[in-house]
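Welcome, and please load the model in your viewer with a cartoon view switched on. We will move from one selection to the next, pausing at each stop to see what is there.

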Amino acid sequence: MEANTFASFSPNHVLTFSIFIFLAISSITLACDEKNSTIPTSSTKTNFSYTSKTPLNSTQKNNFKTFIKNSCNSTTYPYICYKSLSPYASKIEENPLKLCNFSLSAALKAARGASSAVSKLLKSNDNHLSSIGEGVVQDCFGNLKDSIEQLQDSIDAMTHLDADFDREFQISNIKTWVSSAITNDQTCYDGFDEMNVDSILRDQIRRTVLNVARKTSNALYFINNNIY
């Protein structure tokens with residue numbers, strides 16, 4: 001009886017189950033990494049880990065969190081905004097520039113996590129992707145790599161805003177890069193609409209990429225409204 005039950009599963013069921021298990025493991029790993037890690041910095045020269053000179057009292061901490069909450073309420077995705085930035089309230093303080101920096105870093109962290117998950121899928125011997133499906137995922141991986149580069153360029157440029165250079169030109173570049181990063185995320189997301197890709201695989205990747213796009217969108221909002 002057990003042998004007959006197992007034999008009733010079709011190859012498509014086995015494929016779908018294998019992909020689901022792989023992406024579920026990747027999602028759990030990314031969630032654990034996000035919980036245990038801090039917002040990344042671009043290099044040793046780009047460090048947004050601001051520290052206060054004196055210990056903060058409860059009133060200051062509450063004021064900083066209120067600043068982030070009020071700022072996030074104006075974004076398109078306030079819940080994601082507050083969830084990703086509130087742990088860094090004592091470092092952001094009530095500083096609009098730091099708010100932009102940490103928002104960009106949160107988007108970059110999400111993009112790196114998504115890129116890592118997609119890369120692992122492509123390298124896995126158990127992904128059983130069709131040639132069409134693999135092409136779609138490869139394109140998405142390329143979009144995410146471009147998004148990472150554009151966010152990194154934006155963070156690097158933010159560190160030079162006070163330098164002896166054309167500030168308006170720098171701000172324009174930052175806005176262009178962040179907007180392009182959102183476009184790349186959207187291109188990846190839309191790519192799964194145009195091809196016949198396994199629905200579980202499609203939904204898992206799109207959910208991950210959507211998280212990147214939303215955090216990047218919030219970062220762009222702060223840049224548009226806080227940097228002049």
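## First stop: helix 6

Select residues 96-123, which make up helix 6: its 28 residues reach 41 Å from the first C-alpha to the last, close to the 40 Å expected at 1.5 Å a residue. That expected span is 1.5 Å times one less than the number of residues. Helices here are DSSP runs (H or I, at least four residues), strands are runs of E with at least two, and both are numbered from the N terminus.

Before going on, a word on what you are viewing. This is a predicted model, in which local features need pLDDT of at least 70 and side-chain atom pairs count only at pLDDT 80 or more, while totals for chains, interfaces and linings use all residues. Residues are numbered from 1 along each chain as its sequence is written, and side-chain values use heavy atoms, with hydrogens and water left out.

Now show the surroundings of helix 6. Of its 28 residues, 22 are buried, so the helix is largely enclosed by the rest of the structure. Buried means under 20% relative accessible area, exposed means over 50%, and partly exposed lies in between (1.4 Å probe, protein chains only). Cysteine 100 is a good residue to click on, being buried with a relative accessible area of 0%.

What caps the N-terminal end of helix 6? Select asparagine 95: one of its side-chain oxygens lies 2.9 Å from the backbone nitrogen of leucine 97. A polar contact of this kind is a pair of N or O atoms within 3.5 Å; within protein, one must be able to donate a hydrogen and the other to accept it, and residues adjacent in sequence count only if both atoms are side-chain atoms.

## Second stop: the disulfides

Next, show the cysteine side chains as sticks. How many disulfides does the structure hold? There are 2, a disulfide being a pair of cysteine sulfur atoms within 2.5 Å. Counting bonded cysteines along the chain, the pattern is 1-2, 3-4.

Begin with cysteine 72 and cysteine 81, joined with an S to S distance of 2.0 Å. Both of these cysteines are buried, and their link is left-handed, with -65 degrees about the S-S bond.

Then select cysteine 140 and cysteine 188, whose sulfur atoms are 1.9 Å apart. This pair links distant parts of the chain, 48 residues apart: cysteine 140 sits in helix 7 (residues 131-158) and cysteine 188 in helix 8 (residues 167-194). The torsion about their S-S bond is about -55 degrees, so this disulfide is left-handed. Cysteine 140 and cysteine 188 are buried.

## Third stop: threonine 75, serine 84 and lysine 215

Return to cysteine 72 and look for threonine 75, in the loop between helix 3 (58-72) and helix 4. A polar atom of the threonine 75 side chain lies 2.6 Å from the backbone oxygen of cysteine 72. Threonine 75 is buried at 8% relative accessible area. Leaving aside residues up to four places away in sequence, threonine 75 touches Cys81, Asn218, Tyr221 and Phe222, where contact means heavy atoms within 4.5 Å.

Serine 84 is in helix 4. Its side chain reaches two backbone oxygens, that of isoleucine 80 at 3.0 Å and that of cysteine 81 at 3.1 Å. Serine 84 is buried, with 14% relative accessible area, and beyond four places in sequence it touches Ala106 and Lys215.

Follow that last contact to lysine 215, which lies in helix 9 (residues 199-226). Is lysine 215 buried or exposed? At 8% relative accessibility, lysine 215 counts as buried. Measure across to threonine 75 and you should find a C-alpha to C-alpha distance of 10.0 Å, for residues 140 apart in sequence.

## Last stop: the whole model

Zoom out and colour by pLDDT, the predictor's confidence in each residue, from 0 to 100. The protein averages 80, and 72% of the residues score at least 70. Among the elements, helix 4 (residues 78-85) has the highest mean pLDDT (97) and helix 1 (residues 2-7) the lowest (40).

Select residues 1-17, where pLDDT stays under 50 and the model has 4 contacts beyond four places in sequence. Residues 31-52 also stay under 50, with 37 such contacts. Where pLDDT is low, the predicted coordinates should not be read in detail.

Finally, take in the fold: 9 helices and 0 strands. Buried residues make up 40% of the 228 residues.
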